[in-house]
Amino acid sequence: FVVDNVFARIPTREYLRPSDRWRMNDLCLCFIERCLASFDLESLVTSIEELQPTREAVIQLAIHPGFDLMKRLLTASPLQASILSYLVQGLDGFEKGLAEEEPFYRTTIVRVLRIIHRVLEAQDIFLDVFIPSLSELNEPALTGEVPPISYFIRFDQALSFTPDYVPSIAAYICYPAYPELMLLSVKTISLLASSTALSQLALLIDRSSESIRILNGYLHALDTHVTEDVEAAETTAEQS
């Protein structure tokens with residue numbers, strides 16, 4: 001309901017105040033983000049005692065709303081298209097100062113980057129462990145129809161289909177007033193750097209119209225002196 005009836009229809013509705021639209025956006029993305037964060041795929045590969053996930057663990061994940069969201073985000077769905085469009089369009093709003101005027105605009109774009117990072121982080125376990133385990137159960141009454149692996153498109157591959165997507169992620173390093181944007185830019189580009197679908201990552205960014213700005217943003221971040229303990233800061237970021 002949130003994805004199909006509320007989030008998908010946000011652009012077509014009329015609003016008394018522009019901030020209402022961004023608040024609605026933020027609430028929908030908050031729901032999506034929390035579903036993905038609580039969809040604990042990592043539990044399938046962290047158990048030392050058992051090499052194979054238990055039937056109960058697989059079923060619990062199959063009935064979790066995060067399962068449906070991962071399916072949508074790893075296929076050419078309206079939800080995937082919407083998330084990627086916010087990623088690109090978000091830069092324009094930051095350039096025009098919309099993030100300062102509308103706090104919900106800022107959190108909307110932060111949530112989009114968190115969602116993208118979470119999908120990239122979890123997709124290997126989802127496709128290589130969870131989906132095969134679900135297929136082996138062979139209980140459609142409990143799990144619904146399980147699509148084959150070939151049905152899905154890895155998110156890094158989806159990002160490679162359009163030349164604007166990856167440079168947009170990298171360009172969020174250019175807003176030092178919003179440190180979480182910078183952190184998510186670095187963490188996401190780090191994940192993409194090891195992707196076989198993006199073997200030409202540096203070239204893709206270099207050919208972008210944003211390339212000089214991205215380079216300056218990363219150089220500025222590297223040159224910035226910080227007094228905080230890096231490991232403690234990373235732990236805080238992971239927890240909150």
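This briefing describes the pockets, a surface patch and the salt bridges of one protein structure. The model is predicted, and the values below were computed from its atoms. The largest pocket holds about 1,400 Å³ of space, while a search of the whole structure finds 14 salt bridges. Two residues, Glu234 and Lys187, belong to both topics, since they are among the residues closest to the centre of the largest pocket and their side chains also meet in a salt bridge.

**The largest pocket**

- The largest pocket has a volume of about 1,400 Å³, and it is lined by 32 residues, of which Leu183, Leu184, Lys187, Glu234 and Ala237 are the closest to its centre.
- Helices α2 (18-38), α7 (103-137), α11 (179-193), α13 (211-223) and α14 (230-239) are the elements that each give two or more residues to this lining, and α11 gives the most, with seven residues.
- Sorted by class, the lining of the largest pocket contains 17 nonpolar residues, five polar residues and 10 charged residues.

**The second largest pocket**

- The second largest pocket has a volume of about 230 Å³, and among the 14 residues that line it, Asp164, Pro167, Ser208, Ser209 and Glu210 are the closest to its centre.
- Helices α5 (78-95) and α10 (165-171) each supply at least two residues of this lining, and α5 gives the most, with four residues.
- The lining of the second largest pocket has five nonpolar, three polar and six charged residues when these are sorted by class.

**Salt bridges between distant parts of the chain**

- Glu234 and Lys187 form a salt bridge with an N to O distance of 3.9 Å, and because Glu234 lies in helix α14 and Lys187 in helix α11, this pair ties together parts that are 47 residues apart in sequence.
- Within that pair, Glu234 is partly exposed, with a relative accessible area of 34%, whereas Lys187 has a relative accessible area of 18% and is therefore buried, the limit for buried being under 20%.
- Glu42 and Arg118 meet through their side chains in a salt bridge of 2.7 Å, N to O, and this pair links distant parts of the chain, with Glu42 in the loop between α2 and α3 (55-62) and Arg118 in helix α7, 76 residues apart.
- Glu42 is partly exposed at a relative accessible area of 24%, while Arg118 is buried at 11%.
- Arg213 forms a salt bridge with Glu95, in which the closest N and O atoms are 2.9 Å apart; Arg213 lies in helix α13 and Glu95 in helix α5, so the pair ties together parts that are 118 residues apart in sequence.
- Arg213 counts as partly exposed, with 25% relative accessibility.
- Asp26, Glu33, Arg111, Arg114 and Glu180 are linked to one another in a network of salt bridges.

**The surface and a close approach in space**

- Leu215, Leu219 and Leu222 make a nonpolar surface patch of about 320 Å².
- Leu222 is found in helix α13, and because its relative accessibility is 69%, where exposed means over 50%, this residue counts as exposed.
- Pro65 has its place in helix α4 (residues 65-73), and it is partly exposed, with a relative accessible area of 43%.
- Pro65 and Cys35 are 30 residues apart in sequence, and their C-alpha atoms are 6.2 Å apart in space.

Definitions and conventions
Residues are numbered from 1 along each chain as its sequence is written. This is a predicted model: local features need pLDDT of at least 70, side-chain atom pairs count only at pLDDT 80 or more; totals for chains, interfaces and linings use all residues. Side-chain values use heavy atoms; hydrogens and water are left out. On a 1 Å grid over the protein atoms alone, a cavity is a set of points where a 1.4 Å probe fits but cannot get out, and a pocket is an open set with protein on both sides within 12 Å along at least five of seven lines; lining residues have an atom within 4 Å of a point. Grid points are joined across faces, edges and corners, and a volume is the space filled by probe spheres set on the points. Ala, Val, Leu, Ile, Met, Phe, Trp, Tyr, Cys and Pro count as nonpolar, Asp, Glu, Lys and Arg as charged, and the others, Gly among them, as polar. Patches are made of residues with over 30% relative accessible area and no salt bridge: like charges are joined within 9 Å, nonpolar side chains (Val, Leu, Ile, Met, Phe, Trp, Tyr) within 5 Å. Accessible areas come from the Shrake-Rupley method with a 1.4 Å probe; for residues, only the protein chains shown count as cover. A salt bridge is a side-chain nitrogen of Lys or Arg within 4 Å of a carboxyl oxygen of Asp or Glu. Buried means under 20% relative accessible area, exposed over 50%, partly exposed in between (1.4 Å probe, protein chains only).
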